[in-house]
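Me: I am learning to read structural terms with care, and I would like to ask how each label is earned. Could you take me through the reasoning step by step?

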Amino acid sequence: MELNRRTVIAGAAAAGIAATTLGGTAHATGGTAHPTGGRTPVRKPFGTLADGTEVHSWSLSNGGTRLKVLSYGGIVQSLEIPDRHGRYENVSLGFDDLADYVAKSPYFGALIGRFGNRIGKGRFTLDGTAHQIDVNDGENTLHGGSRGFDKRVWDVEPFTKGSDVGLRLYHTSVDGEMGYPGTLRVKVTYTLTRHGDWRIDYEATTDRATVVNLTSHVYWNLAGEDSGSIHGHQLKIAGSRYTPVDSGLIPTGELARVAGTPFDFRRTKTVGEDIRVAHQQLLYGQGFDHNWVLDKGITAAPVPVATLRDPSSGRTMTISTTEPGLQFYSGNFLDGTLVGSGGTVYRQGDALCLETQHFPDSPNKPSFPSTVLRPGQTYRTTTVHSFGR
Ligand code: BGC
């Protein structure tokens, strides 16, 4: 953790330099200059859905980070940060067109809900009532169901507050949507700080007991989205245990130690170092596709839990969160069939996801931290991405 904390400070300092260097120059995103450096987000049409709903893209920048967000799925279409020479790249996989997001996106950049990752057989029992939710991954439910939050059009409200710039995204998920009980009112706030950090605050309330587990599904490649394998990226995760899975990628319920296994990222190592070890868990996921149990547990404020570094560009990202789990997915199911926003084909291992969350299948695992939300309670989690170079 000590190293992580230093990395955050170093990252902020680097971003601070970027902010000074870029201060006053014309950012590609345009917008009205804000007295403290940020700019009012700018909205543009991005396309129309089959039912006639218009989708917009929002561009914002602050502290040297540039973000493009779609009202469809709250999708991060691009996130640009400088390398050690000040050169900007989009470090997040995505598409140019709305049609591709609708037809074939493996959750590129999207908000995930109501429930991140898998629920075994799409079933759970809450307060004695059995619920069958939409099944969309073999016999299981993945990322909320076939029409999860990644496929909903969110109401977007831009804001500037002090030196922060951001977007508030709202979605109301009606009672019974995808089979989940309760009307869930969700607010997600994307903030770019003056240091160039991207912060996500999730909030939700319900009118009936339900389960909730929200996350963000950005596919990171810190060398640039079109630059091939991330196996040379260096990763550190502050988790001494992980949740092993069965062949359907449903946790067994066990919290296994990472010590002496390919899952030990407590000391920085490259993603590729152990990815070809013949470990049953890596065979199930075709690589890393597991939930790490973060040593810090659930915290009131975000704590640094993972650091990613691309040695070629010098770009770094530190993730801090209030959440108890982190899904590290090494882009195993990218199979060379998708053409990304840079015009190149995405292949296995061209990006990785680091999804902060409660543990997969928690509604069926009483020993895992609870994902139940009841009327009168407010679900609140925060995750911060800090960039450096
Ligand atoms: C899951 C993978 C899944 C991917 C979808 C990840 O969060 O862990 O198993 O294939 O999302 O793109």
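Reply: Let us begin with a term: a salt bridge is a side-chain nitrogen of Lys or Arg within 4 Å of a carboxyl oxygen of Asp or Glu. Please keep in mind that this is a predicted model, and that the structure holds 14 salt bridges.

Me: Why is the meeting of the side chains of Asp-150 and Lys-151 called a salt bridge?

Reply: The N to O distance between the side chains of Asp-150 and Lys-151 is 2.7 Å, and the cut-off is within 4 Å, so the pair earns the name.

Me: What makes Asp-150 count as buried?

Reply: Asp-150 has a relative accessibility of 5%, and buried means under 20%, so the label follows.

Me: How do you know that Arg-152 and Glu-177 meet in a salt bridge?

Reply: Their side chains come to 3.7 Å, taken from N to O, and this value also satisfies the limit of within 4 Å, so the term applies.

Me: What makes this a pair that links distant parts of the chain?

Reply: Arg-152 sits in the loop between strand 10 and strand 11, while Glu-177 belongs to the loop between strand 12 (164–173) and strand 13 (184–192), and the two are 25 residues apart. Both Arg-152 and Glu-177 are buried.

Me: Why is Asp-201 called buried, and why is Arg-199 called partly exposed?

Reply: The relative accessible area of Asp-201 is 19%, and the cut-off for buried is under 20%, so Asp-201 is given that label. Arg-199, with 32%, falls between 20% and 50%, and therefore counts as partly exposed. These two residues also form a salt bridge, in which the closest N and O atoms are 2.9 Å apart.

Me: What makes the phi of His-143 worth pointing out?

Reply: Most residues other than glycine have a negative phi. His-143 is not a glycine, yet its phi is positive, at about 50 degrees. This residue lies in the loop between strand 10 (141–142) and strand 11 (155–161), and with 4% relative accessibility His-143 is buried.

Me: Which value of phi does Lys-121 have, and where does this residue lie?

Reply: Lys-121, again not a glycine, has a positive phi of about 55 degrees, and its place is in the loop between strand 7 and strand 8 (123–126). Its relative accessible area is 40%, so Lys-121 is called partly exposed.

Me: How do you know that the bond between Gly-113 and Arg-114 is cis?

Reply: The omega of this peptide bond is about 0 degrees, as belongs to the cis bond that joins Gly-113 and Arg-114, whereas most peptide bonds are trans. Arg-114 is found in the loop between strand 6 (110–112) and strand 7 (118–119).

Conventions. Residues are numbered from 1 along each chain as its sequence is written. This is a predicted model: local features need pLDDT of at least 70, side-chain atom pairs count only at pLDDT 80 or more; totals for chains, interfaces and linings use all residues. Side-chain values use heavy atoms; hydrogens and water are left out. Helices (H or I, at least four residues) and strands (E, at least two) are DSSP runs, numbered from the N terminus. Buried means under 20% relative accessible area, exposed over 50%, partly exposed in between (1.4 Å probe, protein chains only).
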